[in-house]
Amino acid sequence: MEKKPYYITTPIYYPSGNWHIGHCYTTVICDALARFHRMLGEEVFFLTGTDEHGQKVEREAKNRGVTPMQFIDPLIAEMKDMWKLLDISYSRFIRTTDPDHVAAVQNIYRRLYESGDIYKAEYSGWYCTPCESFWTESQLVGGKCPDCGRPVVEQKEESYFFRLSKYAPALMKLYREKPSFLQPASRINEMVNNFLKPGLQDLCVSRTTVKWGIPLPFDPDHCAYVWIDALSNYISALGYASADEGLYRKFWPADLHMVGKEIVRFHAIVWPAILMALGEPLPEQIYGHGWLLIGGEKLSKSKQNAKPELTDPYELVKRYGCDAVRYFLLREIPFGSDGEYTGERFLNRINADLANDLGNLVSRTTAMIGQYFGGILPARGEAEGTDGELIALAEGLFGRVQRAMDALNVPAALAEIFGVVSRANKYIDETVPWILAKDESKRPRLGAVLYHLAETIRICAVLLKPFLPRASARILESFSQKTDEGFESVSSFGGLKGGEETKKLPPLFPRMDIAKELAQMQKLAEADRGKKSGAEQPAAESASGGRQDALPEIGIEDFAKVQIRVGEVVACERVKKSEKLLHETVKVGDELRSVVSGIAKFYTPEEMIGKKVLLVVNLKPAKLCGVLSEGMILCAEDGAGNLVLLSPEKPIESGASVR
Ligand code: MSP
């Protein structure tokens, strides 16, 4: 019988130069699932890509004086490199700037407009720029974005709306009748209690203030809202609403949209509603996974403070190998929950499971076959003693792994495989082959023991392929086995026939001295932090003790790197728990910026509102006391540390450049 094709997607990533190991989590899991289904003999379409439109990219590019494409192209190239390093076997890497995606999004808008599910009205709401999300007054938490806690800005404009509210009853019914649609189950409660029960409002799905987006076909002054643009990638990638819908007919509906828990809302409410409005089938399942944490907080490079951890995936892969990084991500984080990342946990996990358990088993077994049988695998021989237990465990392994994978429990699947690896190591201790080798009459038994070990290793290696593609191939090759086969050979014990040439494998994963390695990781992490946040570092102290007038001379080209513009303070408040800091919202041209400055001792928030200030706009954003700062207000400082604001000497519009 022909197998049903399998379609799995990751979210599409925002382009960023700050890739960290947390970003790799969703994609590595999806890759393991995609590989697993391919080995089941299914035709798999595995989609990933980048989410490139919106205000953030527009603003970053402007700050750097380049076009959005010039800004993002190198970031996308970096991301593709990262996926290559991690052996990510995607079928398509979609970019929301790809012409076929743009055309599909325009067709989707046109269809929804023509069916009346998109209509025009005045919009007023709160926008969180970093999250690209709109919130109603009641959804704000303490006046801030409920997702990231950053300040939001009020926006009013004529916009197009999607009739999301109309689909609330259908969504309720969906959750009630098909709970598998959204997993783990706790996420259903979140959606129902936080969004559906309070009542869904129609969603604003167009912007006029953002130009870096897909123009609406029926009103090109408006651009598509980035989340509708982004979600559409799941069908545009298959040619939906194009002249060739072959892939769409074959693969849609998706079997699985794997997403981080913070974006479940878009996938489990907005996306099915859009599909319902289009009259298209819904995906089978959305899975909202947990986060990698550092110190209890979502891992993100900007949050690393006192003790930096090495989170750069390039460095981690370069130093420990692609399989080690994949293994940590797949095994360590209880699926569906959050999990803490530290260098120490990473190293311990790799040492314990990969170097000790798996590595030892393979190197001991292949070494003994070399030493006692000249590198030729002996025939199976009679089973006795605990052989039966090992054989039964190995034979039933595929079924157990498959059950875990069907439940998307990747760590449990790996735990099953490593359970057999441990049992095989114990079997070596029980059967003591080196003692058998001393007695010629025990040679048949020695042969049988080594065969059982080799066959158990083969079964584990085949099953490990979706998770550790490289180690799996090396192990299989050392037993002269093909590396490109599916799971056909793992349900019964006896795939190896005896007589196979067997090469001794050097350690697959060298054992590490954790203390030494941790010190090395720390150094790399510090170097990485320095590299990434060079712009935020204070100027190095000069030989004369850091006096300002002793700074080295700079050329005009150095000065030109600093972009200063006139801004108007439109809102201001004290930063909680800080005596020094004020949090201003500064309007620069059309744009609103959140800025934190150390002037609370010299100006009250009321005095600040309405002031024209000079703002350095291309400083790398940073968080001060947990509040985002996207620029620096210029002040003059006297010898006693008193600060006064610098302002334009005559009235001039906000946004004017300072030269
Ligand atoms: N562009 C949106 C998704 C649009 S999908 C139609 C987006 N992009 S993202 O770059 O911010 O996130 C991409 C994925 O990385 C998400 O699944 C997110 O949860 C995941 N992660 C980013 N940091 C993470 C951790 N610290 N831990 C685990 N996954 C995290 O959201």
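This report looks at a ligand and its surroundings, then at one helix, in a predicted model.

## Around the ligand

Let's start with the ligand. It is surrounded by 24 residues, and the closest are I12, D51, G260, E262 and L292. Sorted by class, this shell holds 13 nonpolar, eight polar and three charged residues.

Some polar backbone atoms can be picked out by their distances to the ligand. One in I12 lies 2.8 Å from a nitrogen atom of the ligand, and one in G22 is 3.2 Å from a ligand nitrogen atom. For Y14, the partner is an oxygen atom of the ligand, at 3.1 Å. How much of the ligand does the protein bury? Taken alone, the ligand exposes 670 Å², and the protein buries 96% of that.

## Who builds the shell

Three elements each give two or more residues to the shell around the ligand: β1 (6–13), α1 (21–39) and α7 (226–231). The biggest giver is α1, with four residues.

## The two sides of helix α5

Now find helix α5, which spans residues 168–177. Its buried residues are A168, L171, L174 and Y175. They sit on the same side of α5, because they cover an arc of only 120 degrees around the axis. A general rule helps here: an α-helix has 3.6 residues a turn, so residues three or four places apart point the same way.

And what lies on the other side of α5? There, P169, R176 and E177 are exposed. The buried residues of α5 are covered by parts of the structure that include β7 (182–183), α6 (185–196) and α10 (264–278).

Notes. Residues are numbered from 1 along each chain as its sequence is written. This is a predicted model: local features need pLDDT of at least 70, side-chain atom pairs count only at pLDDT 80 or more; totals for chains, interfaces and linings use all residues. Side-chain values use heavy atoms; hydrogens and water are left out. Buried means under 20% relative accessible area, exposed over 50%, partly exposed in between (1.4 Å probe, protein chains only). The arc is that of the directions from the helix axis to the C-beta atoms. Contact means heavy atoms within 4.5 Å. A residue is near a molecule or strand if one of its heavy atoms lies within 4 Å of it. A polar contact is a pair of N or O atoms within 3.5 Å; within protein, one must be able to donate a hydrogen and the other to accept it, and residues adjacent in sequence count only if both atoms are side-chain atoms. Accessible areas come from the Shrake-Rupley method with a 1.4 Å probe; for residues, only the protein chains shown count as cover. Ala, Val, Leu, Ile, Met, Phe, Trp, Tyr, Cys and Pro count as nonpolar, Asp, Glu, Lys and Arg as charged, and the others, Gly among them, as polar.
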